[in-house]
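Biologist: I'm new to this one and keep tripping over the vocabulary. Could you show it to me and explain the terms as we go?

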Amino acid sequence: MSERTVVVTGLGAVSSLGNDLASTWAGLVAGRSGIGPITLFDASGFRTKLAAEVPQLPDCGVPSRLRRRLSRTDVIGLAAAREALADSGLDLDLDREDPGRIGVVLGGGVSGLLDSEGYFRDLLAKGPRGARPTRILNHPPDQTTDRIAEVWGFRGPRATITTACSSSSTSLGYAADLIRAGMADVVVTGGADSFARLTHGGFNALRACDPEPCRPFDRNRKGLTIGEASGILVFEEEGRARRRGATIRARFLGYGITSDAHHMTQPEPSGEAGARTIRACLRSARLNPGDVDYVNAHGTATVQNDPAETLSIKLALGERARQICVSSNKSMLGHCLCSAGAIEAVATVRTIETGVVPPTIHYVEPDPECDLDVVPNTAREHPVRVALSNSFAFGGNSTVVAFGRA
Amino acid sequence: MREILVTGAAAVTALGRDLETTAARLAAGESAVAEVPASEAGERKGPAYAARIGSFTTEPEMPRAKARRLDRASQYAVVAVTRCVAEAGWTMAGNEEETGILLGTGSAGAGPLVDFERQMAVESPETASPFLFPYTVSNAPASVAAIELKIKGPNVTITQKDPAGLNALFYARFLLEDGRARAIVAGAVDEWNLTYHLSYERLGVLATATRAGYAMTEGCSVVFLETAESARARGALPWARLAGAASSGSPVSPQARRARPGDVAATLRAALGDAGVEPAAVGLVHASANGVPWVDAAEAAALADVFGTSPLPRVERVKLLAGENPCSGALQLALAARALRDDPSLGAVVVNSLGAGGNQIAAVFTAP
């Protein structure tokens, strides 16, 4: 492809740690846990009764007649997009901007499932007459993508990546490719995903949830804690961003995307599959292992993921793996599933900007199988020029993205 | 920019378990659209139509015993992807990391999701099946196929209303141009589900005996995209060239089935421009037309606008017979490539796909 390069000119976040970028980042740096008792439904029948919920939904800035029709995922997605677009300083008067050159590419999955679950339950308990079918209208995972385009009037290409836990990392890659290929100049990208019975119940059924707050890379980890969040990044063609005097927060350097072809729910245990994705990312970003200063780990805290990921980082980065920080935002934000890659990308960009690496909290006992510097419990000042963010999903869909200093 | 060819295709549709049968039945004007009877759906006012596959076997591509644990969409994907790879004559051994898979979907995971929700609600959260949950994710069909065939290159699932299959093609082009794979199986997969069908029926969007609308369908259709260098090096027979594409969105409500002729025409022109193809060189258009009268009319007006000054190409509206869902857009991609394989004098074939929420993607194939 051509030499059009991609920079980040806007960031927005909504998470269990706060309804904007500043509070989310402050929480991450303080090592604050967003995990607490589940409030969105009765969790008494589940083995795990904890999640990282967004405590109070943000104002997403739309008229109340539209607000009433939005899902939880739409609300957090629109709020994060609103913050990111304001942050970008783009002139959103579409008489001056060409709306056809602005795309929207998000990762998603759960979307309005919490409402649909209510509908399914009514259907089972009361039959069709007792269930309102309009409650499933927000079910498709591409709702939030379409809503962002609708609210701001964007007319460029759209896509919603649904590859489970790597969805929104892959969306960043697609967004960057659209810009590099000249199909768009600006892409609103990242993802939004919220909590639902299905995901919580599913990971419980797989015995993949920790009854306690998740403990990535700790020897006694018992699984993940589910979270919800939206992370939105405004990607822009660099020349254009510079011409309009935009503040460039970071560069998107490239990404690797592969398929494990191993198992629907288990990571490939030798770490070779994950290493292949990291290497593909380095190739795409024209980086050497020695260039990498930080890895924002997938770090789910499942028994299987963390050692396999540790091996992957070691296989791909060699000696460099011992010299860098590798931390898991999921220890604080929970596993935000289809938006995990997005909120972690937002945190990765902030790490590059500030030179502060968020910690891996709830870390008590080292695991010899996870023997990298996981920045236990306290944030660390560590200059980061280049960072990777890993996302590994159900189905063996793996994506690693690379960001660099502006 | 790398040249990208189609060197194979496959289809599992409500009209047949393979592309040739599906194409022949469409050519004969046969429809897969049928009423969903009360024996399945219960008594209700004005039953709606669907284009369903009915009984289905994964054999010979996958033993029945192995397929039993899979959801329907994954079963369709395994069969279609296996056949597509075979049709292209592609050797997987040694090429695993050079092979990718990109599927669009609007509905994959629906069946397992409804079953899992039922288990949690009716039985208890503790008894919900850990074997069901992995198939509730939309990427299960592509990933099951990847695991089966050992596809180790890029693996992506895109959810979008109707144009998702074309979106997979759109993204696959970037991945191939960037050298991330030499070949990508691209298309779409869907599963018909009774609970969803009845819900959409009650929402009034599906066709009934007295109301115009679309009929939902299921299946999996894919094309084998390959860089020209790769195809030439192994002496593969090219069916068609992926010459260009365009993707756009009108800012409307996600459920709105609305289209303005001017917008539709602009995207078609952008795709032709991207392909460097003049309207007069187009011999066939696979239209998006799915039975929603005002959208179909807007598309017809856009086609007249784009092709009006040249002899109008033949326009096929296969979704009226095969049903609507992203898998139908992917079927149109397979049919377009097949048409150029059988009759290169068509010159160029356009596939247009409009979806709820203002989504539109158009693709242009030319004779190789």
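Modeller: Here is a short talk about domains, contacts, a helix, a strand and the cores.

Modeller: First, this is a predicted model, where local features need pLDDT of at least 70, side-chain atom pairs count only at pLDDT 80 or more, and totals for chains, interfaces and linings use all residues. Residues are numbered from 1 along each chain as its sequence is written, and chains are lettered from A and ligands numbered from 1 in the order in which they are written.

Biologist: What makes domain 1 and domain 2 of chain A domains?

Modeller: The bounds come from an automatic or database domain assignment. That assignment gives 6-243 as domain 1 and 252-405 as domain 2. Their centres, taken over C-alpha atoms, are separated by 21 Å.

Biologist: How many residues of domain 1 of chain A are in contact with domain 2 of chain A?

Modeller: Contact needs C-beta atoms, placed from the backbone, within 7 Å. By that test, 64 residues of domain 1 of chain A are in contact with 57 residues of domain 2 of chain A. On the domain 1 side, α6(A) has the largest share, seven residues.

Biologist: And what is on that side, by class?

Modeller: Ala, Val, Leu, Ile, Met, Phe, Trp, Tyr, Cys and Pro count as nonpolar, Asp, Glu, Lys and Arg as charged, and the others, Gly among them, as polar. The side of domain 1 of chain A that touches domain 2 of chain A has 30 nonpolar, 26 polar and eight charged residues.

Biologist: How many residues of chain A are in contact with chain B?

Modeller: 56 residues of chain A are in contact with 59 residues of chain B. α7(A) gives the most to the chain A side, six residues. That side divides into 25 nonpolar, 21 polar and ten charged residues.

Biologist: Why is α9(A) called a helix, and what is its span?

Modeller: Helices are DSSP runs of H or I with at least four residues, strands are runs of E with at least two, and both are numbered from the N terminus. α9(A), residues 272-285, has 14 residues, so it passes the helix minimum. The expected span is 1.5 Å times one less than the number of residues; α9(A) reaches 20 Å, close to the 20 Å expected.

Biologist: Why say that α9(A) is largely enclosed?

Modeller: Buried means 20 or more other C-beta atoms within 10 Å of a residue's own, exposed means 12 or fewer, and partly exposed is in between, with C-beta atoms placed from the backbone. Eleven of the 14 residues of α9(A) are buried, so the rest of the structure largely encloses it. Its cover includes β8, α10, β13 and β14 of chain A.

Biologist: How do you know that β12(B) and β13(B) pair?

Modeller: Strands pair if DSSP finds at least two bridges between them. Eight bridges join β12(B) to β13(B), running antiparallel, so they count as paired. They form a hairpin with three residues between them. On the parallel side, four bridges join β10(B) to β12(B). Eight of the eight residues of β12(B) are buried, so it too is largely enclosed.

Biologist: What makes something a nonpolar core?

Modeller: A core is a set of buried Ala, Val, Leu, Ile, Met, Phe, Trp, Tyr and Cys residues joined through C-beta atoms within 7 Å. Of the 262 residues in the largest one, B:A77, B:V222, B:A334 and B:F365 touch the most other members. Helix α13 of chain B gives the most to this core, ten residues. Apart from it lies another core of six residues, among them A:L123 and A:I136.

Definitions and conventions: Two residues are in contact if their C-beta atoms, placed from the backbone, lie within 7 Å.
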